[in-house]
Structures are given as structure tokens and as C-alpha cells.
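Visitor: I'm new to this one, and I'd like a close look at a single part. Could you walk me through the helix packing and the charged pairs around it?

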Amino acid sequence: MSKLILFDIDGTLISSGGAGTRALNKSFNEIFSIPDGFKGVRMAGKTDIEIMKEGMFRHNINPEDKLVKKMVNGYIYHLGKEINNNGRHLKPGIKEIINKLKNVDGFYLGLLTGNLEKGARLKLEPFGINPYFPFGAFGSDDENRNRLLPIALKKFSDIYKISIMPEDTVVIGDTPRDVACSKPFGAFSVVVATGPYSFEKLQNSGADLVLKDLRDQKRLIDSINNIS
């Protein structure tokens, strides 16, 4: 039976070396003349648009569409520069596990991320892993992460002409928000302790499988194969 495996990006596949936060702050400062505008904003697991609006609300700025669009444009511009830093890195076991998964008959890989699509591709490009993920659901599809899974399933069906049910879908992330956007639909939820949350905290997230990192290939693949 076919399985759709959807990966989060930040904290799961990669660390951008802080590029996203720096790009947001630079864009915010250019538009509103407020430095370090996202100080205190917890970003993990949120969509980019949600984060931008939260930053505006914190400074009593009405997040009207034209301002959000300006923020998006500035963010993408600065992200393209900030991603070129020495702190960026793949999370443990990523190249190995995505190589293994893509070679399993009936397994399809995609993305489910709060990143804007352009931002997601910019973050993955330096690592050469964009081709592993030919499609995805992004924060630019819907600013509410909890609505992204059905979007991913629709995009997959449109591209591959195959219908996959949510219960044959695996969502791999690193925060409780990754669990929250997948479990209500019946998807199999995997979280890894390679982001801001500890292994112990993730054990209370409601995920079906909690891993320290994605070097645990056998356990992950066995779990996917056992989904019925």
C-alpha cells in the first residue's frame, strides 16, 4: 500500500543557522524602523505569516494585507542572503533516511511546513535536497498550519493521480504543532527531538512515534510499514 511521508523543515530536516529569524528582523526593521522586532516571539511550529502577524501585533501594528505582502517580499529577499552562513546544517541522519525512503516502493516524499514555499526552497537548496520533495503544503497555502494536511493530499493526488487517505500519511516534525496538524485527520505522527523540544517533552505530545533523531532508520521504516 502506498504511503505519503511529509516532512517539516526547520528543526526536522535542517537548521538554517538562524537565517529565518535574521531575515524576519531585517525585513521588519526596514518597513517599521523597529530593530529586533521578533524578540520574544516563539516561532517553532508556526507558519511564517502567523509569525509576521504576531510580530506586528506585538508592536501595535495592524497586519493589513499590504504590510504582510511587504514583509513577505523583504523576508524572502533577506533569507536568500542570510541562508549563506556557516551555522546551517542538516539534522542527524537526514541524507541517509531520505535516500532510503525514496527507494522504498510505494513511498512518496513531500513537505508539510509553515514556511512560505519560496522560503522553504531557499532553505533546502544549499543542502541539495529540494529534488527529494517535489511537492508540499506550505505556509503560503494557508496561514493556519492545521489546514495544511488536506492541501498536501490534494496536491499529491493532482500530481501523481493517486489518492492516499490521511491514515496512510506520515507527518514528521519536531514540535507539538506538527502533531496537532496531523493527528485530527488520522495521520501517523512522528516527532524528533532535534528542534527546540526535548525528547521527554515530546513524549507527552500525543505523537505515535517519538525519536531522538532520524538516525533511527529501522524503527521509523518499521513503524511506517506497520501502518494499516
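Guide: Here is a walk around helix α3 and its partners, followed by a few charged pairs.

Keep in mind that this is a predicted model, where local features need pLDDT of at least 70 and side-chain atom pairs count only at pLDDT 80 or more, while totals for chains, interfaces and linings use all residues. Residues are numbered from 1 along each chain as its sequence is written, and side-chain values use heavy atoms, with hydrogens and water left out.

Let's start with α3, which covers residues 65-82. Helices here are DSSP runs (H or I, at least four residues), strands are runs of E with at least two, and both are numbered from the N terminus. The axis of α3 comes within 10 Å of the axis of α5 (residues 117-124), and the two cross at roughly 5°. Each axis is a line fitted to C-alpha atoms, for helices over the stretch in contact, and angles run from 0 to 180 degrees between N-to-C directions. That angle makes α3 roughly parallel to α5; the label goes to angles under 35 degrees, with over 145 being roughly antiparallel, 65 to 115 roughly perpendicular and the rest oblique. On the α3 side, Y75, I76, L79 and G80 make the contact, and α5 brings K118, G119, L122 and K123. Contact, by the way, means heavy atoms within 4.5 Å.

Now turn to α1 (residues 19-32), which packs against α3 at an angle of about 135°, with the axes 8 Å apart. The two are therefore oblique to each other. Residues of α1 that meet α3 include R22, L24, F28 and I31, and among those they meet in α3 are M71, Y75, L79 and E82. Sorted by class, this contact has 10 nonpolar, four polar and five charged residues. For that sorting, Ala, Val, Leu, Ile, Met, Phe, Trp, Tyr, Cys and Pro count as nonpolar, Asp, Glu, Lys and Arg as charged, and the others, Gly among them, as polar.

Some of those charged residues pair up. Side chains of opposite charge can pair when their charged atoms come close. A salt bridge here is a side-chain nitrogen of Lys or Arg within 4 Å of a carboxyl oxygen of Asp or Glu, and by this rule the count comes to 16.

One of them joins E82 and R22, at 2.6 Å from N to O. It links α3 to α1, across 60 residues of the chain. E82 is buried, with a relative accessible area of 13%, whereas R22 is partly exposed at 31%. Buried means under 20% relative accessible area, exposed over 50% and partly exposed in between (1.4 Å probe, protein chains only).

The α5 side has a pair as well: K123 bridges to D10, with the closest N and O atoms 2.9 Å apart. K123 sits in helix α5 and D10 in the loop between β1 (3-7) and β2 (14-15), 113 residues apart. K123 is buried at 4% relative accessible area, and D10 is partly exposed at 26%.

Finally, look at what follows α1. S33 is found in the loop between α1 and α2 (48-58). Its phi is positive, about 55°, although S33 is not a glycine. With 60% relative accessibility, S33 counts as exposed. D36 is in the loop between α1 and α2 too, and D36 has a positive phi of about 50° without being a glycine. D36 is partly exposed, at 43% relative accessible area.
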